[in-house]
Amino acid sequence: MKDLVKYYLITLVFYVVEILSFFTAYNLFELDIFWLNFGIRTALVFIFSILVRHIIFHETNYFYLKFGVLVALNPILSSIFLKFFVVFYPMVEVIFLKFLGDLICSLLIYFSLKKIS
């Protein structure tokens with residue numbers, strides 16, 4: 001439980017940066033919302049993984065080999081969830097849909113990491 005709290009405190013910092021970046025670029029970005037979310041999330045997930053490795057998963061052997069697949073899946077899953085929610089719930093604010101998709105993705109990644117570590 002202690003690691004879960006640490007994980008989500010670190011996630012919160014990165015998530016605030018992500019949300020601010022996303023909504024700053026949202027009105028300026030001319031391509032699909034999927035690609036905007038994917039690009040921002042990919043960059044932040046790589047930085048996040050380095051930090052989380054040293055703080056929470058420092059005893060995990062071959063962390064980057066195990067985490068590499070999840071790092072690749074995180075932005076893709078998050079962007080797919082966002083795209084799905086935007087299509088099926090167009091009347092709901094994008095910020096809420098992004099948060100919901102990111103939360104689902106984050107929980108899936110965390111529990112997957114714990115299972116393979």
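Select Cys105 to start: leaving aside neighbours within four places in sequence, Cys105 is in contact with Asn74, Leu77, Ser78 and Phe81, where contact means heavy atoms within 4.5 Å. Before going further, note that this is a predicted model, in which local features need pLDDT of at least 70 and side-chain atom pairs count only at pLDDT 80 or more, while totals for chains, interfaces and linings use all residues. Residues are numbered from 1 along each chain as its sequence is written, and side-chain values use heavy atoms, with hydrogens and water left out.

Stay on Cys105 for a moment. Its place is in helix 4, residues 94–116; helices here are DSSP runs (H or I, at least four residues), numbered from the N terminus. Cys105 counts as buried because its relative accessibility is 0%, the cut-off for buried being under 20% relative accessible area with a 1.4 Å probe, protein chains only. For a ruler along the helix, pick Ile95 too: Cys105 and Ile95 are ten residues apart in sequence and 15 Å apart in space, C-alpha to C-alpha.

Now hop to Ser78. Ser78 sits in helix 3, residues 63–88, and with a relative accessible area of 0% it is buried as well. Leaving aside neighbours within four places in sequence, Ser78 is in contact with Asn37, Arg41, Asp102 and Cys105. Show the side chains and draw two distances. A polar contact of 3.2 Å joins those of Ser78 and Asn37, and another, of 2.3 Å, joins those of Ser78 and Asp102. A polar contact here is a pair of N or O atoms within 3.5 Å; within protein, one must be able to donate a hydrogen and the other to accept it, and residues adjacent in sequence count only if both atoms are side-chain atoms.

Next, switch to cartoon and look at helix 2 against helix 3. Their axes are 9 Å apart and the helices pack at an angle of about 150°, with axes being lines fitted to C-alpha atoms over the stretch in contact and angles running from 0 to 180 degrees between N-to-C directions. That angle is why helix 2 is roughly antiparallel to helix 3, a label for angles over 145 degrees. By class, the contact of helix 2 with helix 3 has 15 nonpolar, seven polar and three charged residues.

Which way round does helix 1 run against helix 2? The axes of helix 1 and helix 2 (residues 33–55) come within 10 Å and cross at roughly 155°, which makes helix 1 roughly antiparallel to helix 2. To colour the contact, pick residues including Phe14, Val17 and Phe22 of helix 1 and Ile40, Leu44 and Phe48 of helix 2.

Zoom in on Tyr7, found in helix 1, residues 2–26. Tyr7 is buried, with a relative accessible area of 2%. Not counting residues up to four places away in sequence, Tyr7 touches Phe48, Val52, Ile56, Phe57, Ser106, Ile109 and Tyr110. Measure across to Phe57: the two C-alpha atoms, 50 residues apart along the chain, are separated by 9.9 Å.

Last stop, Ile56, in the loop between helix 2 and helix 3. Is Ile56 buried or exposed? Ile56 is buried, with a relative accessible area of 8%. Not counting residues up to four places away in sequence, Ile56 touches Asp3, Lys6, Tyr7 and Ile10. Add Gly101 to the selection for a final distance: Ile56 and Gly101 are 45 residues apart in sequence and 24 Å apart in space, C-alpha to C-alpha.

Notes
Helix = DSSP H or I, 4+ residues; strand = E, 2+ residues; numbered from the N terminus. Buried < 20%, exposed > 50% of the residue type's maximum accessible area, 1.4 Å probe, protein only. Parallel < 35°, antiparallel > 145°, perpendicular 65-115°, else oblique. Nonpolar A, V, L, I, M, F, W, Y, C, P; charged D, E, K, R; others polar.
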